[in-house]
Amino acid sequence: APNFYGEPKWALFMVTFTFVWKNLGYTFVIYLAALQGLNRELDEAAAIDGAGWWTKFTKVILPQLRPSTFFLSITVTLNSVQVFDIISVMTRGGPQGNGTTTLVYQIYQETFVNFRAGYGATIATILFLVLLFFTLLQVKYMDKNEKM
């Protein structure tokens, strides 16, 4: 039997696949709620104007899903960078050294395994600043596109 979690070329793929599978339901529920809250009058107006299915999708539905997409882009990005549980359970940061180690797993290793709390706090601060930067970048991009 193949050892997908023990082979370096497969371990990161398997962890990524598991993370996506774990969080796919959350994303679907958010989009389902957003789709149920769409303004049907806009859809009817587009149909009366003779819009095809692609035009209705790109010009009517997608703009109404924009707030949900923005929310999901921030939360999924933050969750994907902070994945710890899957890596800890499946590979313990391995195989062969640090094949699936992320910053959050490295913070855990340095703080609680190597007993270097200062170094772990430094990595956590850097991670916070990087996530803050990307979140502000996403907010700025969303605000710029809202004005258009």
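With which side chain does the side chain of Thr100 make a polar contact? In this predicted model, the partner is the side chain of Thr91, at 2.6 Å. Thr100 lies in the loop between α4 and α5, and the points below start from that loop before turning to the nonpolar cores, helix α1 and the residues that follow helices.

**The loop between α4 and α5**

- Thr100 counts as buried because its relative accessible area is 1%, which falls under the 20% limit for that class.
- Setting aside residues up to four places away in sequence, Thr100 touches Ala11, Leu12 and Val15, and it also touches Ile87, Thr91, Gly93 and Gly94.
- Arg92 is placed in the loop between α4 and α5 as well, but with a relative accessible area of 64% Arg92 is exposed.
- The backbone of Arg92 has a positive phi of about 55 degrees, although Arg92 is not a glycine; most residues other than glycine have a negative phi.

**Nonpolar cores**

- The largest nonpolar core has 6 residues in all, namely Val15, Phe19, Val83, Ile86, Ile87 and Tyr105.
- Helices α1 and α4, the latter spanning residues 85–90, each supply at least two residues of this core.
- A second, separate core consists of 5 residues, among them Val104, Ile107, Ile123 and Leu131.
- Ile87, a member of the largest core, is in contact with Val15 and Tyr105 as well as with Arg92, Gly93, Thr100 and Thr102, when residues up to four places away in sequence are not counted.
- Helix α5, which covers residues 103–113, has Val104, Tyr105, Ile107, Glu110 and Thr111 as its buried residues; of these, Tyr105 belongs to the largest core, whereas Val104 and Ile107 belong to the second core.

**Helix α1 and the surface patch**

- A nonpolar patch on the surface is formed by Phe4, Tyr5, Trp10, Phe13, Phe17, Val20, Trp21, Leu24 and Phe28, which together have about 930 Å² of accessible area.
- Leu24, one of the patch residues, sits in helix α1, which runs over residues 8–36, and its relative accessibility of 32% makes Leu24 partly exposed.
- Thr18 is also placed in helix α1, and at 23% relative accessibility Thr18 counts as partly exposed.
- The side chain of Thr18 reaches the backbone oxygen of Met14 at 2.8 Å, while the contacts of Thr18 beyond its neighbours within four places in sequence are with Tyr5, Ile86 and Met90.
- Two of these partners link Thr18 to features described above, since Tyr5 is part of the surface patch and Ile86 is part of the largest nonpolar core.
- Thr18 and Ala45 are 27 residues apart in sequence, and their C-alpha atoms are 42 Å apart in space.

**Helix ends and positive phi angles**

- The N-terminal end of helix α2, residues 40–48, is capped by Asn39, from which a side-chain oxygen lies 3.1 Å from the backbone nitrogen of Glu41.
- Just after α2, Gly50 takes a positive phi of about 90 degrees.
- Phe115 comes just after α5 and takes a positive phi of about 55 degrees, a positive value in a residue other than glycine.
- Phe115 is found in the loop between α5 and α6, the latter helix spanning residues 117–147, and at 70% relative accessibility Phe115 counts as exposed.

Note on methods: Residues numbered from 1 in each chain as written. Predicted model: local features only at pLDDT ≥ 70, side-chain atom pairs only at ≥ 80, totals over all residues. Heavy atoms only, no water. Patch = residues over 30% accessible without salt bridge, like charges linked within 9 Å, V, L, I, M, F, W, Y side chains within 5 Å. Areas by Shrake-Rupley, 256 points an atom, 1.4 Å probe, with all protein chains shown as cover. Salt bridge = Lys/Arg side-chain N within 4 Å of Asp/Glu carboxyl O. Helix = DSSP H or I, 4+ residues; strand = E, 2+ residues; numbered from the N terminus. Buried < 20%, exposed > 50% of the residue type's maximum accessible area, 1.4 Å probe, protein only. Core = buried A, V, L, I, M, F, W, Y, C linked by side-chain atoms within 4.5 Å. Contact = heavy atoms within 4.5 Å. Polar contact = N/O pair within 3.5 Å; in protein donor to acceptor, adjacent residues only side chain to side chain.
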